Amino acid sequence: MSDIQQPLTQLRILDLGTPAPRDSAAQVSLEIDGQQVQVDAGTSVMRAAALLGINVPKLCATDSLDAFGSCRMCLVEIEGRKGMPASCTTPAEDGMVVNTQSGKLEKLRKNVLELYISDHPLDCVSCPSNGGCELQDVAADLGVEETRYGLQGLNHQQAAKDESNPYFTFDPSMCIVCYRCVRACDDIQGSFALTVDGRGFESKVSAGQMESFMDSECVSCGACVNSCPTAALEDKAVIEMGQPQKSTVTTCAYCGVGCAFEVETRANDQGADEVVRMTPYKDGRANEGHACVKGRFAFGYTSHKDRITKPMIRDSIDEAWREVSWGEAIAFTASRFRQIQSEYGRDSVGGITSSRCSNEETFLVQKLVRAGFGNNNVDTCARVCHSPTGYGLKTTLGESAGTQAFDSVDKADVVMLIGANPTEAHPVFGSRLKQRLREGAQLIVVDPRKTELVNGPHIRAAHHLQLLPGTNVAFLNAMAHVIISEGLADEDYVNQRCEIPSWEDWCDFIRLEENSPEHLQAVTGIPADELRAAARLFAGAGNAAIYYGLGVTEHSQGSTSVMGIANLAMATGNLGREGVGVNPLRGQNNVQGSCDMGSFPHELPGYRHISDANVRGLFENEWQVKLHEEPGLRIPNMFDAALGGVFKGLYCQGEDIAQSDPDTQHVEAALKSLQCLVVQDIFLNETARFAHVFLPGSTFLEKNGTFTNAERRISRVRKVMPSRSGKEDWEITMDLANALGYPMQYSHPSEIMDEIARLTPTFSGVNYAKLDRLGSIQWPCNEAAPEGTPTMHVDEFVRGKGYFAITGFVPTRERSTRKYPLLLTTGRVLSQYNVGAQTRRTGNVVWADQDLLEIHPVDAEDRGICTNDWVGIASRAGDTVLRAVVTDRVQPGVVYTTFHFPETGANIVTTENSDWATNCPEYKVTAVQATKVTRPSEWQKKNAAFNRRQKALLDKARV
Amino acid sequence: MADKESNNCEVNREVRHLVSMANDIADNLGFRAEAGDNSAERIADHINRFWAPRMRALLLEYAAADGKDLSAALLSALEKLKT
């Protein structure tokens, strides 16, 4: 817990110049500057020297990129060889004798450096990179202060800056054309947005084809900025605020990839730390030094003026808010909840845990509900995203989580991507996948839409199975049919690892003609030949891995699809080692964690059913309270019960159910019917407009805790500044519990984690000291696996033998009709995150400032719709209006939009249909009609008026 | 009075929702069910494990009073529901 008092400061990891060789079997010994060193074969001389602590000067080399050999600074002498080879591109060999220092080498290096700086501004003191510039460091090391060549000749010193990107500047006058940015964009990010235009003296780094960064294909991941050795590519914040002074390692609060970052801060005039920039942390196992536009740049919301930092209460939602003390807000909430429970019964209140808050914080909310409220009415946002993953994988494999680490994909030969768009929604994993595809792995994309991975720069999917929304189970059954009927299954694996009766039943079922691709092509829209070819590719791979997203889960048969995916992986022997597996790409930063922490109404932490008396006894003993043995209400059932008049109070921690949940009008009616809605958030979100109590929470920069990402990786979140509201979220829940008469006493989240470890077998080995030591831990972490478990189900499945569930295709009730002839499906864009509460309050709006409706040219022409037209979209649940984009990314009959902007109200049109097993909403299929219109929908007008009224009621609190 | 009416309407909506949820469970767990297999147990077990007592009670109340929208597979499971 060293970090509590002293944050990790100035944690700069040595750059070894070139990457470690991959899968090296042999070792070689060599001598460098009189010292012996043993390294893996394939290691460069530069890296071998760096491992000895010998710093060979370099400009174009960095260990995050393959050697390039262009800057000529790293020349060395090797005995018995002619000339002076570049140490970055020369592999170390057995018996080699290397000199990195000599008079001759120094003279050469100085001369090269003088040539560099003859076309570089020499005013280091006024440069934003002063103190963080590799050119400056090399010049200082070599003692070069001026250039013999003078600065008068032809140069690039008047070149215009490109300031088009909201977050960074490109200043060509500072550029030394080392190609690091170009290589980072190609090799790490995979966007191929940068090039060097021209040759020789005319060489100039160029985005796109001599476009500005904003107009090019650049996705603003920041890899080029990170890799730039000079101030040519620099964060605007560094230019404005100066070089950061302190760095703290933490975990990103955006998507489920869970990237590790260094938060770099600087004291302002008042002495308070302000964030200058966030840079991806090289030692972070989830991201290994890469980032995306959200995590890298979009943190401005944390200090946005819309932040609410004082508790507020009101008696009814038609009244003005009143700012009150924490004590008054907590006492008000507690008395309201007690009063409701005494009038309407113990089950009349509940809570929602936040998938954006920490493990410790979600654990406390479910504890408050179970122990403090005395019921099990607790649920979490995973209800609306990956609850089918939990159910499906628990049923088939025995554990409610993905089976691999992200780096497993580096060993995959065939990747099948179903209903996921990682380059938009999980960008850092998307880049890793693209790296593997460029190395030759094959890709099968199963998606109603043409995503970037179907056909992108240097990437082309072997198969794009463009199925109709709502037919995933039919598709999966057809895949299985081909594998079983053509004898492609791995029967040895199945015999050894799986439950044979279930396998035999499943085979009998899957062999039926009704599951053949020929029979199902009319349902799925996938040509049978193409599907057969894809099935053969998948089954024939050495290592085949399945990655999937919400396009699998958010369906009426989401859970069935997840089981179908597990069946395919088991039948082909693709579980239990690296390079394979079943990999759910989880949405929010801590949605895996919130599920692990017992946020579902039927499960205690660690996915143990509430009806299990032994497990309940364990918690009852620790918590000193009797627990209710029956499952509580799920979110949609809370809404139903609210409208039924029996559910009256809801404590909602960091989730915007009014925007994110389907059938908005139903949700709003339910929220309006509550007698006490408590919203704990950083902004007055859409849900808070219906609230009676607002408890201001803290951002990830303002608290300690842990997040768990999609690969079960538990990583620390570290406080870099005091909470703007004065309380970390776990403290608020603790105060509320105490006010309700259920005592909670913690002085630090590490104590909550210790309690989690005591109560949860898969977490028993987790503690903060170990997290600090190891950096991160993938659960299960216990006596059997003290440092965690990167790959699950290695020798046997968690449930023992793998279970093949029968996955009958039951078509959704939602189908196109004459009145609603199109199928609407939903998704994400790269620059925005979830309901947009964070990203809409950052510079990211330059990439997307509204939700758009994608419609195929044929459907658009039938309706007279052109790009940019206002389009009304109506379903049986409601209607809304947004702008159209006419594109063949969608197929005829299918339209597509996102739900990042509340004024769009995309969920006005989604319905109450849901997954049969978990009630995960069927966001991905809604029958709609689209028509050209000229004005907003009635709901949008009413919503805008309601917003104005609520804004006025907020303004009254703030005067 | 108006309030009460809208409440009644919503109660109906809640029951309608529960009926369609229960039918979905029966359609999926009772898929290709044959006489004498255990699909009724599986359907009942699922509802017992995941539904709050009030939801089960409302479903049973509807089954007793009307029940016309309940699928055959679901009807076979009702007697095994915990009350």
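A:Pro780 sits in the loop that runs between β30 (776–778) and β31 (822–827) of chain A. The peptide bond leading into A:Pro780 from A:Trp779 is cis, and its omega is near 0°. Please keep in mind that this is a predicted model.

Another backbone feature worth a look is A:Phe192, a residue other than glycine whose phi is positive, near 50°. A:Phe192 belongs to the loop between α5 (180–189) and β6 (194–197) of chain A. Here are the two backbone spots side by side.

| Site | Backbone value | Loop in chain A |
|---|---|---|
| A:Trp779 to A:Pro780 | cis, omega near 0° | A:Pro780 between β30 (776–778) and β31 (822–827) |
| A:Phe192 | phi near 50° | between α5 (180–189) and β6 (194–197) |

Now to a pair of helices in chain A. Two packed helices are described by the angle between their axes and the distance between the axes. Helix α14 (residues 472–485) of chain A packs against helix α16 (residues 500–510) of chain A at an angle of about 105°, and the axes are 9 Å apart. Angles of 65 to 115 degrees count as roughly perpendicular, so α14(A) and α16(A) are roughly perpendicular to each other. On the side of α14(A), the contact is made by A:Asn477, A:Ala480, A:His481 and A:Ile484, while α16(A) brings A:Trp503, A:Trp506, A:Cys507, A:Phe509 and A:Ile510. Sorted by class, this contact of α14(A) with α16(A) holds seven nonpolar and two polar residues, with no charged ones.

Let us move on to the interface of the two chains. The contact draws 31 residues from chain A and 27 residues from chain B. Between them, chain B and chain A bury about 2,600 Å², with 53% of that area on carbon and sulfur atoms. Within chain B, the residues that lose the most area to chain A are B:Asn28, B:Phe31 and B:Phe50, which together account for 23% of what that side buries.

Which polar links cross between the chains? Chain B and chain A share four salt bridges. B:Asp24 forms a salt bridge with A:Arg813, where the closest N and O atoms are 2.8 Å apart. Across the interface there are also eleven residue pairs in polar contact, both residues at pLDDT 80 or more.

The elements of chain B that give two or more residues to the side touching chain A are α1 (2–29), α2 (39–50) and α3 (53–65). Of these, α1(B) gives the most, with 14 residues. By class, that side of chain B divides into eleven nonpolar, ten charged and six polar residues.

Key. Residues are numbered from 1 along each chain as its sequence is written. Chains are lettered from A and ligands numbered from 1 in the order in which they are written. This is a predicted model: local features need pLDDT of at least 70, side-chain atom pairs count only at pLDDT 80 or more; totals for chains, interfaces and linings use all residues. Side-chain values use heavy atoms; hydrogens and water are left out. Contact means heavy atoms within 4.5 Å. Buried area is the accessible area (1.4 Å probe) that two parts lose on being put together, summed over both. A salt bridge is a side-chain nitrogen of Lys or Arg within 4 Å of a carboxyl oxygen of Asp or Glu. A polar contact is a pair of N or O atoms within 3.5 Å; within protein, one must be able to donate a hydrogen and the other to accept it, and residues adjacent in sequence count only if both atoms are side-chain atoms. Helices (H or I, at least four residues) and strands (E, at least two) are DSSP runs, numbered from the N terminus. Ala, Val, Leu, Ile, Met, Phe, Trp, Tyr, Cys and Pro count as nonpolar, Asp, Glu, Lys and Arg as charged, and the others, Gly among them, as polar. Axes are lines fitted to C-alpha atoms, for helices over the stretch in contact, and angles run from 0 to 180 degrees between N-to-C directions. Angles under 35 degrees count as roughly parallel, over 145 as roughly antiparallel, 65 to 115 as roughly perpendicular and the rest as oblique.
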